[in-house]
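Please take a moment to look over the sequence and the fold before reading on, and keep both in view as the explanation proceeds.

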Amino acid sequence: MADNPFSMPLDEAMMTQRAIRRLLPDPVDDALVLKLIELALRAPTGSNAQNWEFIVVKDAAVKAKLAKLNRQAWNVYGGIGRRLAERDGDETMKRIIKAVQWQADHFEEVPVIVVACIKTFIPWFPPIAATSAYGSIYPSVQNLLLAARAANLGAALITLPLWSRFRAQRALGLPLSIAPCAVIPLGWPKGKYGPTTRRPVGEVVSLDRYGHRPFA
Ligand SMILES: Cc1cc2nc3c(=O)[nH]c(=O)nc-3n(C[C@H](O)[C@H](O)[C@H](O)COP(=O)(O)O)c2cc1C
C-alpha cells in the first residue's frame with residue numbers, strides 16, 4: 001500500500017465518486033480494504049451505538065450466493081427498467097442498465113464484496129426504528145465509497161442482492177438480529193472515473209418553507 005493512498009482533496013473525491021460497476025478481477029490488498037473500513041467507522045451512529053458489522057466477502061461460494069440473489073432481483077427490476085428506457089428513449093438509463101447487466105454477469109469475478117450491516121435488537125424494524133437503523137449505517141457506507149474513490153478503487157453501493165433479507169442473512173451466516181443494509185463490490189476499475197451529473201443545488205433547496213426557491 002502507498003504511504004497515504006487517501007491524499008486526494010475531499011472535494012475532488014466527492015465530485016468524482018460514482019458507481020463503478022465494471023471491475024477488474026485483480027486482487028485488492030486486505031490491508032487496503034481494512035483501511036477503507038477503518039475510515040468508514042469514523043461515521044456517526046445513533047447514540048454512538050457503533051452497532052455496525054462489516055462482512056468482507058472473498059470466498060467464491062459466498063460470492064456465488066450473493067451473485068444469484070443479485071441476478072434474481074435484476075431479472076425482474078432490469079426487465080422493467082429496460083422497457084421503460086426503450087419506451088422513453090432514455091440513453092442515460094440505457095447506459096446504466098448496460099453497466100448493471102455487466103455487473104450481474106461478472107459478479108463472481110469481483111475481488112472483494114463488502115456488506116455493511118447493522119445490529120438490531122429485533123429481527124424486523126418498524127418504521128419508527130428504520131430511520132435510526134439505516135441512518136446509523138449509510139454514513140459509514142458513504143465514507144467507505146469516498147475512501148475507495150480517493151484510493152482509485154472502483155466501488156458501487158448496491159442493494160439488489162438484499163431483496164430478501166432472510167436469504168442474504170443465510171448466505172452470509174448472519175443471525176436474524178444483524179440486518180445487511182448495503183453491498184459494495186470493490187475492485188480496480190476497468191475504466192476511468194468521470195464526472196457525475198447531478199441536479200443543480202438551487203433546484204432542490206428551499207428557503208424557510210418548502211417550494212420557496214430563491215437559489216434556483
Ligand atoms: C440505496 C441505493 C441502492 C442502490 N442499489 C443499486 C443496485 O442494487 N444496483 C446498482 O447497480 N446500483 C445501485 N445503486 C447505485 C445507483 O444506481 C447510483 O448511485 C446512481 O445511478 C448514480 O450513479 P453515479 O454515482 O454513477 O452517477 C444504489 C444506490 C443507492 C443510494
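The paragraphs below turn to the ligand and its surroundings, and then to pairs of packed helices.

Since this is a predicted model, each value given here is computed from the predicted atoms. A good place to begin is the ligand, which is surrounded by Arg-18, Ala-19, Arg-21, Val-100, Gln-103, Leu-157, Ile-158, Thr-159, Leu-160, Thr-196 and Arg-198. If you sort this shell by class, you will find five nonpolar residues, three polar ones and three charged ones.

Within this shell, three residues deserve a careful look for their backbone atoms. An oxygen atom of the ligand lies 3.0 Å from a polar backbone atom of Ala-19, while a nitrogen atom of the ligand lies 2.9 Å from a polar backbone atom of Leu-157. At Leu-160, a polar backbone atom is 2.8 Å from an oxygen atom of the ligand. How much of the ligand does the protein bury? Taken alone, the ligand exposes 630 Å², and the protein buries 65% of that area.

The helices can be read in pairs, and helix H3, which covers residues 60-88, is a useful starting point. H3 packs against helix H4, residues 91-105, at an angle of about 160°, and the axes of the two helices are 10 Å apart. Because angles over 145 degrees count as roughly antiparallel, H3 and H4 are roughly antiparallel to each other. Their crossing, that of H3 and H4, is left-handed.

H3 also packs with helix H7, which is made of residues 165-172, and here the angle is about 165° with the axes 9 Å apart. The same reasoning applies to this pair, and H3 and H7 are therefore roughly antiparallel to each other. Where H3 passes H7, the crossing is left-handed.

One further pair joins helix H2, residues 30-40, and helix H6, residues 138-150, which pack at an angle of about 135° with their axes 8 Å apart. Why is H2 described as oblique to H6? The angle of about 135° falls outside the ranges that count as roughly parallel, roughly perpendicular or roughly antiparallel, the last of which needs an angle over 145 degrees, and H2 is therefore oblique to H6. As for handedness, the crossing of H2 and H6 is right-handed.

Definitions and conventions:
Residues are numbered from 1 along each chain as its sequence is written. This is a predicted model: local features need pLDDT of at least 70, side-chain atom pairs count only at pLDDT 80 or more; totals for chains, interfaces and linings use all residues. Side-chain values use heavy atoms; hydrogens and water are left out. A residue is near a molecule or strand if one of its heavy atoms lies within 4 Å of it. A polar contact is a pair of N or O atoms within 3.5 Å; within protein, one must be able to donate a hydrogen and the other to accept it, and residues adjacent in sequence count only if both atoms are side-chain atoms. Accessible areas come from the Shrake-Rupley method with a 1.4 Å probe; for residues, only the protein chains shown count as cover. Ala, Val, Leu, Ile, Met, Phe, Trp, Tyr, Cys and Pro count as nonpolar, Asp, Glu, Lys and Arg as charged, and the others, Gly among them, as polar. Axes are lines fitted to C-alpha atoms, for helices over the stretch in contact, and angles run from 0 to 180 degrees between N-to-C directions. Helices (H or I, at least four residues) and strands (E, at least two) are DSSP runs, numbered from the N terminus. Angles under 35 degrees count as roughly parallel, over 145 as roughly antiparallel, 65 to 115 as roughly perpendicular and the rest as oblique. A crossing is left-handed if the near helix is turned anticlockwise from the far one by less than a right angle, and right-handed if clockwise.
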